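Before turning to individual contacts, it helps to have the chain and its coordinates open side by side. Please keep both in view while reading the paragraphs below.

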Amino acid sequence: MTHALIVDDDVDSAAMLSELIALQGLTVATANSLRDARKQLALQTPDLVLLDLRLPDGSGMDLFSDPELVADSEVVLMTGHASLETSILALRLGAVDYLVKPVTLKHLQGVLSRVTKPAVLKAEVAGLTANLASTGNFGQLWGRSPCMQRVYEQISRVAGSGVTVFITGESGTGKEVVAQTIHELSRRRKMPFLGVNCGAISPNLIESEIFGHEKGSFTGADRQHQGFFERAAGGTLFLDEITEMPLDLQVKLLRVLETGRFMRVGAAQSQETDVRIIAATNRSPMQAVADGHLRVDLMYRLNVFPIEMPPLRERLSDVPLLAGRFLRLIGEQEGKEKSFTPEALEQLSAYHWPGNVRELRNAVQRAYVMATGGSIDTQWLPHPTGWPQQRPVDAPDSAPAPLTRVAEPAVAAEVQTRAEAPRDAVVLPLGISLAEAEQKLILATLEHYGRQKERTAAALGISLKTLYNRLKQYAADDKD
């Protein structure tokens, strides 16, 4: 049976917590001082220690001075004031979470539902670390480079705690995968993991999506709506591109982080939340603050445990491993295995990858579609001097010739250029908008490949979903 120890100098508070914990089916002991706590720890090692910071004979933090004393116990701090300093100190000393006094039944139940012996989590992390050399992956993350091993070490340290994590890095580096890995190694793994891109939701709807709304709170609100905080109850909420969140909503998010309470749009009363927040941005946090995209107080509240994802160009040694992984996944989906030639892997490792891992995945998918046999050479892969590398004109190839884009110096020369341009060409006069140029190129490429959407998307280097969205948009514009 799970055993808990309550260390609190407030006798009434300790008695109340003791009764609540006993009702949850746990055995429980109490201590009103550090001296009593050490005695109880020597008598029976608890699975969970609820530790008050202020005690008659010292600080609750003093229990961490003897690492062996609480090595096999989860320590949750109880404090009257949730602060950044408390969070950082709790993490450094080994606490997994903290509760704000007065402790509510909902938050207590959340902590009790996640009780896991530290040895269990340590064994899982040790297993992933041990297999890293042979498999090349750590959970859902792939790579053996030194910079990725630093990321794995940070994830190992923070996953078992309840503190807020702030992930930074360029677009396409895998920030959401890091968040998912943290969740899967945490005590909240059995509860939901929800991700929301703050830049992909309309500013008029984002508050309703995150906090929910009451029926009749605004025009069109014909029913009550649960926001992400409610749907992720007990689990992890990943706020991607946090710097795209409106500043007035950032104030409300900060309030939730400080108090553990939120309010639906149109509601008269607030409600409690038990959610771990992981935020991410592709901007420099300090620069985002300077540019007015991120409140400085929210930045410091989110940045309890920062993790910076390295761009792919700083870990090119991982490119063959990642490319092979993507190729195997695509082969399983399509039912046909293909492989890279040594020259192809060498060329992939020499490219600078401005789009990072996301660009690599798209490049592998494009090369898989365009390769006619079971071997993928360098033809359809990005070249260090430009994307894509063109095959010589006299080189045999069963695939259609790649398109050539021609930009003319003057609109007046367009008619003459059209007559002189190759048959498989798109002529774009100066002065045309980017949207019009994109539409012409997409539609011409679609016709070039006989309206085969998969090959068209692969040739353009975009996803099939993006192609469908563009074609749907063009059809709607033509109808208008």
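What follows is a walk through a predicted model, taken one region at a time.

A convenient place to begin is strand 6, which spans residues 74-79 and is mostly covered, with six of its six residues buried. In a regular strand the side chains alternate between the two faces of the sheet. Strand 6 can be read in this way, since E74, V76 and M78 point one way while V75, L77 and T79 point the other way, and all of them are buried. On the side of strand 3, which covers residues 48-52, five bridges make the connection, and strands 3 and 6 run parallel; within this pairing, L48 stands opposite E74 of strand 6. Strand 6 is also joined to strand 7, residues 97-100, by four bridges, again with the two strands running parallel, and here L77 stands opposite Y98 of strand 7.

From the strands we move to a polar side chain in a helix. Q250 has its place in helix 10, which comprises residues 247-259. Is Q250 buried or exposed? Its relative accessible area is 0%, under the 20% limit, and Q250 is therefore counted as buried. The side chain of Q250 reaches the backbone oxygen of M245 at 2.9 Å, and it also reaches the backbone oxygen of H293 at 3.0 Å. Leaving aside residues up to four places away in sequence, Q250 touches I242, T243, M245, H293, L294, R295 and L298, a list that includes both M245 and H293.

M245 appears again among the neighbours of C198, a residue found in the loop between strand 11 (193-197) and helix 8. C198 has a relative accessibility of 2% and so counts as buried. With residues up to four places away in sequence again left out, C198 touches I206, L239, D240, E241, I242, E244 and M245. The C-alpha atoms of C198 and A280 are separated by 10.0 Å, although these residues are 82 residues apart along the chain.

The aromatic residues deserve a paragraph of their own, and a search of the whole structure finds six aromatic pairs. One of these is formed by F211 and F229, which are stacked, with 5.6 Å from centre to centre and 10° between the planes. Because F211 lies in helix 8 (residues 206-211) and F229 in helix 9 (residues 228-231), this pair ties together parts that are 18 residues apart in sequence. Both F211 and F229 are buried, and together with F262 they form one aromatic cluster. What arrangement do the rings of Y351 and W353 adopt? Their centres are 4.7 Å apart and their planes stand at 90°, so the pair is edge-to-face. Y351 is buried, with a relative accessible area of 5%, and W353 is likewise buried, with a value of 0%.

Rings also take part in arrangements with charged side chains. R231 lies over the face of F228, at 4.5 Å from the ring centre. Elsewhere in the model, the charged end of K338 sits over the ring of Y368, 4.4 Å from the centre of that ring.

Definitions and conventions. Residues are numbered from 1 along each chain as its sequence is written. This is a predicted model: local features need pLDDT of at least 70, side-chain atom pairs count only at pLDDT 80 or more; totals for chains, interfaces and linings use all residues. Side-chain values use heavy atoms; hydrogens and water are left out. Buried means under 20% relative accessible area, exposed over 50%, partly exposed in between (1.4 Å probe, protein chains only). Two strands pair if DSSP finds at least two bridges between them. A polar contact is a pair of N or O atoms within 3.5 Å; within protein, one must be able to donate a hydrogen and the other to accept it, and residues adjacent in sequence count only if both atoms are side-chain atoms. Contact means heavy atoms within 4.5 Å. Rings of Phe, Tyr and Trp (its six-membered ring) pair if their centres lie within 6.5 Å; planes under 30 degrees apart count as stacked, over 60 as edge-to-face and the rest as tilted. A charge sits over a ring if NZ of Lys or CZ of Arg is within 6 Å of the ring centre and within 35 degrees of the ring normal.
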